[in-house]
Amino acid sequence: MEDRPYDDSRRTSVHKVYLNARKTAVLSGVKDVLSFDAKEVYLETEQGILLIRGDELHVSRLSLEKGEVDVDGRIDSFVYSDREEPQKKASSLLGRMFQ
């Protein structure tokens with residue numbers, strides 16, 4: 001078996017969501033917290049942009065080095081969108097403008 005040096009730049013963390021009774025969410029594979037308030041938490045994950053909606057939400061633990069976030073409160077929904085979606089919309093708009 002060939003010995004290869006460990007290359008951390010190729011490794012991506014796996015995105016997982018653990019939801020407990022719609023009151024606590026533990027997430028991994030989080031790249032960045034884009035914004036948050038009592039009604040919404042907006043995250044960039046390995047699987048795209050994630051919007052968590054609810055009431056009395058707060059980020060109780062944040063570790064971007066590990067890619068982990070805990071959210072507490074009443075969680076009503078999780079909505080994902082593709083990472084490239086805003087870029088696709090912008091490029092298609094520009095394409096239509098210059099046709």
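In this predicted model, the side chains of Ser60 and Asp72 are joined by a polar contact of 3.1 Å. Ser60 lies in strand β5. Its relative accessibility is 41%, so Ser60 counts as partly exposed. Beyond the neighbours within four places in sequence, Ser60 is in contact with Asp70, Val71 and Asp72. Asp72 thus appears both in the polar contact and among the contacts of Ser60. A further pairing in space involves Val26. Ser60 and Val26 are 34 residues apart in sequence, and their C-alpha atoms are 9.8 Å apart.

The strand that holds Ser60 belongs to a sheet. Six strands form this open sheet, in the order β1-β2-β6-β5-β4-β3. The pairing is antiparallel. In general, strands of a sheet pair through backbone hydrogen bonds, either parallel or antiparallel. The edges of the sheet are taken by β1, residues 16-20, and β3, residues 30-36. Each of these has a single partner strand, so one side of each is left without a neighbour in the sheet. On average, neighbouring strands of the sheet are turned by 35 degrees against each other, direction ignored.

The pairings can be followed from the β3 edge inwards. Strands β3 and β4 run antiparallel and are joined by 5 bridges. They form a hairpin with 3 residues between them. Within this pair, Asp32 has Glu44 of β4 as its bridge partner.

Strand β4 covers residues 40-45, and β5 covers residues 48-63. These two strands also run antiparallel, with 6 bridges between them. Their hairpin has 2 residues between the strands. Two facing pairs mark this part of the sheet. Thr45 has Gly48 of β5 as its bridge partner. Tyr42 stands opposite Leu51 in β5.

On its other side, β5 meets β6. Here 12 bridges join the two antiparallel strands. Asp55 stands opposite Arg74 in β6. The hairpin of β5 and β6 has 4 residues between the strands. In this hairpin, Gly67 takes a positive phi near 75 degrees.

Positive phi values also occur outside glycine. Most residues other than glycine have a negative phi. Ala21 departs from this pattern, with a positive phi of about 55 degrees. Ala21 sits in the loop between β1 and β2, the latter spanning residues 24-28. Its relative accessible area is 60%, so Ala21 is exposed. Glu56 likewise has a positive phi, near 55 degrees, and is not a glycine. Glu56, however, is placed in strand β5. With a relative accessible area of 61%, Glu56 is exposed.

Away from these exposed positions, nonpolar residues gather in a core. In soluble globular proteins, nonpolar side chains tend to be buried together. The largest nonpolar core here has 12 residues. Its members are Ala25, Leu27, Val30, Val33, Val41, Leu43, Leu50, Ile52, Leu57, Val69, Val71 and Ile75. Strands β2, β3, β4, β5 and β6, the last spanning residues 68-81, each supply at least two residues of this core.

Leu43 gives a view of the surroundings of one core member. Leaving aside neighbours within four places in sequence, its contacts include the core residues Leu27, Val30, Val33, Leu50 and Ile52. Leu43 is also in contact with Asp32, Leu34, Gly48 and Ile49. Val71, named above as a contact of Ser60, is another member of the core.

Val79 offers a view from strand β6. At 40% relative accessibility, Val79 counts as partly exposed. With neighbours within four places in sequence left aside, Val79 is in contact with Ile49, Leu50 and Leu51. Of these, Leu50 belongs to the largest nonpolar core, and Leu51 is the residue that Tyr42 stands opposite. Ile52, also a core residue, has its C-alpha atom 6.5 Å from that of Val79. Val79 and Ile52 are 27 residues apart along the chain.

How values were computed: Residues are numbered from 1 along each chain as its sequence is written. This is a predicted model: local features need pLDDT of at least 70, side-chain atom pairs count only at pLDDT 80 or more; totals for chains, interfaces and linings use all residues. Side-chain values use heavy atoms; hydrogens and water are left out. Two strands pair if DSSP finds at least two bridges between them. Axes are lines fitted to C-alpha atoms, for helices over the stretch in contact, and angles run from 0 to 180 degrees between N-to-C directions. Buried means under 20% relative accessible area, exposed over 50%, partly exposed in between (1.4 Å probe, protein chains only). A nonpolar core is a set of buried Ala, Val, Leu, Ile, Met, Phe, Trp, Tyr and Cys residues joined through side-chain atoms within 4.5 Å. Contact means heavy atoms within 4.5 Å. A polar contact is a pair of N or O atoms within 3.5 Å; within protein, one must be able to donate a hydrogen and the other to accept it, and residues adjacent in sequence count only if both atoms are side-chain atoms.
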